[in-house]
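Subject: Structure for you to look at

Hello,

Here is the structure I promised to send. Please open it and keep it beside this email while you read.

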Amino acid sequence: MSDDERRADIFGLLRDESRHHTARVTPAGAEWLASAGPYSRSTLSLWTAHPTAPAVLPCGSAFDVVNAPAIFGRRMLDRLWSQGPGSGPVAAYRGRTLLFAAPGTAQRLPSLLSWEEWGGSGPDGRETAPPPLLCHGTGDAVTVPPLSPGPASGPRWLVAPDTRHPWLPGPDVLLWACVRAARDQAASGTGSVPLPPTVPPLAGHEAGGGVGGRAPPPRRTALAGLTDDWLNALFTTAALEAGVRGAALVAVGGYGRGELSPRSDLDLLLLHDGKSGPAAIAALADRVWYPVWDLGLALDHSVRTPAEARKTAAEDLKAQLGLLDARPVAGDLGLVSGVRTAILADWRNSAPKRLPELDELCRERAERQGELQFLLEPDLKEARGGLRDATALRAVAASWLADAPREGLYDARRRLLDARDALHLTTGRATDRLALQEQDPVAAELGLLDADALLRQVYEAARTVSYASDVTWREVNRVLRSRAVRPRLRAMLGAKPAPDRSPLAEGVVEQDGEVVLARTARPERDPVLPLRAAAAAAQAGLPISLHAVRRLAAASKPLPVPWPAEAREELITLLGAGESTVPVWEALEAEGLITQFLPDWERVRCRPQRNPVHTWTVDRHLVETAVQASSLTRRVGRPDLLLICALLHDIGKGWPGDHSVAGEVIARDVASRIGFDREDMGVIATVVRHHLLLIDTATRRDLDDPATVSAVATRAGSLATLELLHALTEADALATGPAAWSSWRASLVNDLVTRVAAVLAGDAVAEPEPAAPSAEQERLAVEALRTGGPVLALRAQTEAPQDDGEPEPVGVELLIALPDQPGVLPAAAGVLALHRLTVRAADLRAVELPAELGKDAGQGKKTTEVLLLSWRVAAEYGSLPQAARLRADLVRALDGSLDIPSRLAEREAAYPRRRGVTAPPPRVTVAPTASQLATVIEVRAHDAPGLLHRIGRALEEAKVRVRSAHVSTLGANAVDAFYVTNDRGRPLPERAAAELARAVEAALR
């Protein structure tokens, strides 16, 4: 079909008015929509074949999109048409309103909104701030409605595009509409974030937890009530049939608290007074338990007398915790009341002994399960900060020894329970682990935008529970210490009483192991006091008192902008305190002080990082980077700038586009707010912009190429900036996770920094010289040249001991040397994949040997070039293969007798693919200015067996020569760079390089 015929078909479709029952897309409007993507003809063809199919189009070129909640978006649209200049195209999708705006709006509108003064209220006291708006710009894509209306639940046009160049509102127009829509919202009393009308709230939300309106029904309580009614009738009938009196059915644990999720098990205790015979009690139990099992319900049951229940509770801490929530379901209420009273009395009497056991139990569980607020697949119940910890806090409160902070704890527990309810509903299983593949369905069940919004809500709840746990257990330990040795006894023994208060800073003192405010402190008159108290606490290695933090949050006035010098110095002191910075920072963040100091922090707070290499959320990673940077301050001339850069280097995450580019702008604004001068602001912005420069260049580029060193020197600009980048690179990697840093990576970065420093000092970039092989490599190369075949050396490699004295395991070092010939890279990589060796890093280069060692290649010529492949590999499982087997298979692969692709395909077919998260597609690009000597092909893909083999085959089929290769695996991601030339050893022309990148990408799909 020709282009003209395709256009005729699509335009004919659009002219068929019978298809359009909503806003109508004209032919010109369809052309405008299609122009947003790189392949407009393909988009038009898709619409021709599937007129009711929505399309995914990129933002940033033809349009940006502002994504608002449905009701608020309708208000904006009403204002634009009734009092404003009108609107561009507008769509509705999944309870959201999509307003198409001029390109650049997504970057500008959020900053305009942040400058508005939203602190005011409407006439009846309601907040006038708009709900969070999602701004999609460059680097984002949106689903646009089809040309013809599809299903009622799908996307649809409210204002359809009708011209080839529609008018699109800019950020100033949309800001005006936001302000007026927010005022309308406050006046109507619908709340700041109305629920999308097409997405009903989860039935499991508890009363009081609704979003922006009436509270949803208390589903968990209702489910527990229905279960109570059924079990009551069942027990009453069974007791009559068995002839048992003086018995009761008791709900314990989560059922006792009325927290039944859809797939929760039933925790039941059959309590009896011991007067009925064993046969009668057994008959009663059978008549209750079997109907429960017959329905397929999970049941945790026991049969005990009151004395047996108390004895079991005294011996088993978990059983005692369950009995603390005992609740009568049926039978003798007096019997249940007596047991409950006795259990509570026993718990309070044994609290000094039992609470340390409970604390240790919580710590052991946290070691096994990790911290919920940092896990990509968290266990909502068992992980630290989960439902089990919230239950432990109830037990501490029941002991009357200490109490947990109540503010926010109920809501946090409710959110975790809501997430578990939605997880049970979407999976149909009794599971507490929020697996990656379940997160989007759970988010949809809860009426949240996506999986990231779900994780962020769960993380915030877990952070509240974790902080409450820290405060509570600290108070428990303080009380127990004070009870261990009474003050009067200490006086009798002649010990000097400890001072009540020790001064730490102006208005800050230490009392009983905590940092508190001095009696003379006046937070309302001293805006620097919160930072001063935090810095003093971190430097002293002490926790800051909960009451002190709350008083500071309630009474302190905002710091003037720019900050006074004292405030800036206190922040730097806090960041430079090392490990003790973390708990102090968490205490300030729990009460909202951090976002008061740094408003941009809110966007990274509790933001998940989908890369498995990362251990922490974005905000905690920034703090951990500052902790690591505090130990590197002696290596730089401006330690204050290093600490600030560490805190801000990823501040751009959560904004559209490259987080380094966005972070540069934010870091400059924050540096100005903090009070740095213009020169320092420029340095901070530069370091944040290029904080990945050294590690990316060192691991993905040829350091012997002069263009590599010159490019880094140009971006660094000065030795002082290079010094900061070097220290930040190490701190960032150490704070990321164990897979992000090693002595091998450190050596590559050190080598790059040394070369760049020489250039910045005035030395010319040296022409590359062939790197001298090591003695082992030279021995293998000579042997390969002598035998004319591959020579292998496989040995375990342990790097130099780290600071903790433990060697850093990096797998196995595999060296391969063989005379230069076609097909080496795919053959070697394929053999490794067949033997289930995972490539963690690799390096390929050619070595010239003396001519007298060369082998006769005919016509009087001697071959003296040997390929050296240096691998770091690890066995997927089991032991390592023998080097002789590897060599034999490599010889067969090179001579063509071993069909590697077929063998890999057979193995993949033999193992069914497991269900999991779909990895993003591979991306292959050309780095145009990375080298003057070769064309650099960058490959970023999901790591999989045979990946490097497929890349090598694609390069071999393209008849290019691999000059060097730099392979790096980070978690489940492969990031590789290949320096390739044509058969004459020169870089590829631009068109040929682009075709090669497309060919490699096609081979990986």
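A word on names before we start: helices and strands are DSSP runs, with at least four residues for a helix and at least two for a strand, and they are numbered from the N terminus. One more point: this is a predicted model.

With those names in hand, start at R836. R836 sits in the loop between α33 (824–834) and β17 (837–848). Its phi is near 55°. That is a positive value in a residue other than glycine. K959 is another such case, with phi near 60°. Look for K959 in the loop between α36 (947–957) and β23 (961–970).

Next, a peptide bond. The bond from V561 to P562 is cis, and its omega is near 0°. P562 belongs to the loop between α20 (546–555) and α21 (565–575).

Now the sheets.

One open sheet has five strands, in the order β5-β2-β4-β3-β7. Its pairing is antiparallel. Which strands stand at the edges? They are β5 (134–136) and β7 (156–159). Each has a single partner strand, so one side of each is left without a neighbour in the sheet. From one strand to the next, the twist averages 25°. Take β2 and β5 as a sample pair: they run antiparallel and are joined by three bridges. In that pairing, V66 stands opposite C135 in β5. A helix packs on this sheet too. Helix α4 (residues 70–82) touches β2, β3 (90–93), β4 and β7. The direction of α4 makes about 120° with that of β2.

Another open sheet has four strands, ordered β10-β9-β8-β11. Here the pairing is mixed. The edge strands are β10 (299–304) and β11 (327–331), and each pairs on one side only. Neighbouring strands are turned by 25° against each other on average, direction ignored. Inside the sheet, β8 (residues 247–251) and β9 pair in the antiparallel sense over five bridges. One contact to find: A248 has L271 in β9 as its bridge partner. Two helices are worth finding here. Helix α7 (residues 219–242) lies across β8, β9 and β11, and runs at about 35° to β11. Helix α10 (residues 306–315) packs on the sheet and touches β9 and β10. Its direction makes about 120° with that of β10.

There is also a hairpin. Strands β12 (residues 502–505) and β13 (residues 508–511) pair in the antiparallel sense over three bridges. A505 stands opposite V508 in β13. Two residues lie between the strands, and G507 takes a positive phi near 80°.

On to the aromatic rings. How many aromatic pairs does the structure hold? There are eight. One of them is F63 with F100, an edge-to-face pair. The ring centres are 4.9 Å apart, with 65° between the planes. F63 lies in the loop between β1 (55–58) and β2 (64–69), while F100 is in strand β4 (residues 96–101), so the pair ties together parts that are 37 residues apart in sequence.

Last, the cavities. The structure holds seven cavities of 30 Å³ or more.

The largest cavity has about 80 Å³ of space. Among the residues that line it are Q373, F374, R463, W585 and R620. Two elements give two or more residues to this lining: α22 (581–590) and α24 (618–630). Which element gives the most? Helix α22 does, with four residues. By class, the lining of the largest cavity has five nonpolar, one polar and five charged residues.

The second largest cavity holds about 50 Å³. Its lining includes V250, L269, L271, V336 and R340. Here β9 (266–272) and α12 (333–349) are the elements that give two or more residues. The largest share, four residues, comes from α12. This lining divides into eight nonpolar residues, no polar ones and one charged. L271 may ring a bell: it is the bridge partner of A248, and it also lines this cavity.

Best wishes

Key: Residues numbered from 1 in each chain as written. Predicted model: local features only at pLDDT ≥ 70, side-chain atom pairs only at ≥ 80, totals over all residues. Heavy atoms only, no water. 1 Å grid on protein atoms, 1.4 Å probe; cavity = no way out; pocket = protein on both sides within 12 Å on 5 of 7 lines; lining within 4 Å. Points joined across faces, edges and corners; volume = space filled by probe spheres on them. Nonpolar A, V, L, I, M, F, W, Y, C, P; charged D, E, K, R; others polar. Pairing = 2+ DSSP bridges. Axes fitted to C-alpha atoms, helices over the stretch in contact; angles between N-to-C directions. Contact = heavy atoms within 4.5 Å. Phe/Tyr/Trp six-rings, centres within 6.5 Å; stacked < 30°, edge-to-face > 60°.
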